[in-house]
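Thanks for sharing this one with me. Here are my notes, in the order in which I would look things over on screen.

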Amino acid sequence: MKSATFAGLATFEAVARHGSLTQAAKQLHLTTGALSQQIKLLEQRLDLTLFERHSRGLTLTPEGKQLYMVVNNSIEAIEKVLEQLQGPSQNNEVRLKLTPSFAFKWLVPRLQDFYRLHPDIKVLTFADGALVDHRDSGVDLIIDYCQSANAPAKAKLLMEEYLVPVMSPDYFSGADWHLPKSWQNVTLLHDAMPWQGADKDDEWRFWFDSQGWAYENTQGHYFNRTDMAMAAAEAGLGIAMARRALISPSQVQTQVKTPEQATSGTRSSLVSPFEPVPAQAGYYLFQHHTNPAIDAFCHWLKGVASDAGLSD
């Protein structure tokens with residue numbers, strides 16, 4: 001088999017796994033146009049139709065499903081061999097990959113506690129992308145945000161998440177936010193990439209559903225990180241959908257009812273008139289290697305999550 005076909009099969013596997021050209025293109029650092037062309041070339045080489053194309057995206061044909069099972073299993077087998085060959089980190093080292101928002105807002109402020117307990121262990125933290133590849137065995141641990149219903153079987157729930165809309169005190173004073181009509185023309189600030197394959201307004205749609213309100217607002221700005229949307233809310237650009245794990249009581253004043261409460265006796269840069277609602281999503285831990293240092297870090301993570309009152 002020609003090398004071009006092998007490369008095409010790897011591309012095919014990514015598109016089939018995501019069920020989306022857009023999400024696969026982000027993972028592979030290609031344009032959707034280039035990715036689409038590669039899939040068409042592969043189909044021509046194999047003389048097979050692998051995907052059915054329709055207005056809502058792509059679905060695998062019966063031939064595509066059969067090929068995907070073989071290719072996916074082969075890639076997983078290769079990854080397991082590489083994991084064995086690469087081996088775990090050094091005995092005093094933990095390699096951790098996670099999203100920048102969770103690293104900056106949750107993990108980093110708590111790391112001093114881990115170093116106090118384990119001064120000889122080094123934590124190498126990699127937070128270079130809004131989405132994380134769970135299968136990356138080049139690191140020991142991965143923490144990622146996933147929908148609970150679609151979380152991979154090998155993932156372990158670290159923390160359940162809750163959603164709450166937040167805004168600046170000045171923005172808050174403009175309306176009665178418990179009336180649905182007040183939301184028709186506001187600017188919504190979105191995390192457009194909360195998890196693999198998510199629609200860019202999934203979290204806002206979920207929150208409106210939780211309130212029993214119709215989601216009809218089309219005005220908004222989009223970011224690839226939650227903390228960026230929250231920063232935009234602090235600047236008065238609109239209302240962001242915040243995650244409870246990423247905010248602190250000093251940053252956000254919740255259940256505010258009146259403009260006076262939003263501006264008096266507090267230094268909070270964000271306010272919300274609502275209580276957080278369960279997101280049906282959470283932060284999940286993926287463990288690829290083990291050694292005493294990795295096990296110690298996992299034990300500490302779970303303890304901190306439990307103490308925060310966010311774990312199940």
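1. Let me start with a strand pair in the sheet. Strands β6 and β12 pair in the antiparallel sense, over 6 bridges. One place to look is M159, whose bridge partner in β12 is Y283. Please keep in mind throughout that this is a predicted model.

2. Strand β6, residues 156-166, is also joined to β9 by 4 bridges, and these two strands run antiparallel. Two of the facing positions are easy to find: V164 has A242 of β9 as its bridge partner, and P165 stands opposite M241 in β9. As a general reminder, strands of a sheet pair through backbone hydrogen bonds, either parallel or antiparallel.

3. Now the whole sheet. Where do β6, β9 and β12 sit in the strand order? The order is β4-β3-β5-β12-β6-β9-β7-β8, an open sheet of 8 strands with mixed pairing. Strands β4 and β8 (220-223) stand at the edges; each has a single partner strand, so one side of each is left without a neighbour in the sheet. From one strand to the next, the twist averages 25 degrees.

4. Y145 is a good residue to centre the view on. Y145 belongs to strand β5 and counts as buried, at 2% relative accessibility. Apart from neighbours within four places in sequence, Y145 is in contact with E161, L163, P194, W195, E203, R243, A279, A281, G282 and Y283. Y283 is the residue that pairs with M159 across β6 and β12. For a distance to check in your own scripts, Y145 and E160 are 9.6 Å apart from C-alpha to C-alpha, with their positions 15 residues apart in sequence.

5. R243, one of the contacts of Y145, leads to the charged pairs. The side chains of R243 and D191 meet in a salt bridge, 2.7 Å from N to O. R243 lies in strand β9 (residues 239-243) and D191 in strand β7 (residues 188-191), so this pair ties together parts that are 52 residues apart in sequence. Are R243 and D191 buried or exposed? Both are buried. A network of salt bridges links D191, E203 and R243, and E203 is another contact of Y145.

6. A second salt bridge joins the side chains of R95 and D140, at 3.2 Å from N to O. R95 is in strand β3 (residues 93-98), whereas D140 is in the loop between β4 (122-126) and β5 (141-147); the pair links distant parts of the chain, 45 residues apart. Both R95 and D140 are buried.

7. The pair E43 and R53 is worth a look too, with side chains that meet in a salt bridge at 3.1 Å, N to O. E43 lies in helix α3 (residues 32-46) and R53 in strand β1 (residues 51-54), so the pair ties together parts that are 10 residues apart in sequence. How do the two ends compare in exposure? E43 is buried, with a relative accessible area of 11%, while R53 counts as partly exposed at 42%. For your bookkeeping, the count comes to 9 salt bridges.

8. Helix α3 also packs against a helix. The axes of α2 (residues 21-28) and α3 come within 9 Å and cross at roughly 100 degrees, which makes α2 roughly perpendicular to α3. On the α2 side the contact is made by L21, T22, A24, A25 and L28, and on the α3 side by T32, L35 and S36. Sorted by class, this contact has 5 nonpolar, 3 polar and no charged residues.

9. Finally, two backbone angles to inspect. D47, in the loop between α3 and β1, has a positive phi of about 55 degrees although it is not a glycine. Q280, found in strand β12 (residues 277-287), likewise has a positive phi, near 55 degrees, in a residue other than glycine. Are D47 and Q280 buried or exposed? D47 is exposed, with a relative accessible area of 67%, and Q280 counts as exposed at 58% relative accessibility.

Key. Residues are numbered from 1 along each chain as its sequence is written. This is a predicted model: local features need pLDDT of at least 70, side-chain atom pairs count only at pLDDT 80 or more; totals for chains, interfaces and linings use all residues. Side-chain values use heavy atoms; hydrogens and water are left out. A salt bridge is a side-chain nitrogen of Lys or Arg within 4 Å of a carboxyl oxygen of Asp or Glu. Buried means under 20% relative accessible area, exposed over 50%, partly exposed in between (1.4 Å probe, protein chains only). Axes are lines fitted to C-alpha atoms, for helices over the stretch in contact, and angles run from 0 to 180 degrees between N-to-C directions. Angles under 35 degrees count as roughly parallel, over 145 as roughly antiparallel, 65 to 115 as roughly perpendicular and the rest as oblique. Contact means heavy atoms within 4.5 Å. Ala, Val, Leu, Ile, Met, Phe, Trp, Tyr, Cys and Pro count as nonpolar, Asp, Glu, Lys and Arg as charged, and the others, Gly among them, as polar. Two strands pair if DSSP finds at least two bridges between them.
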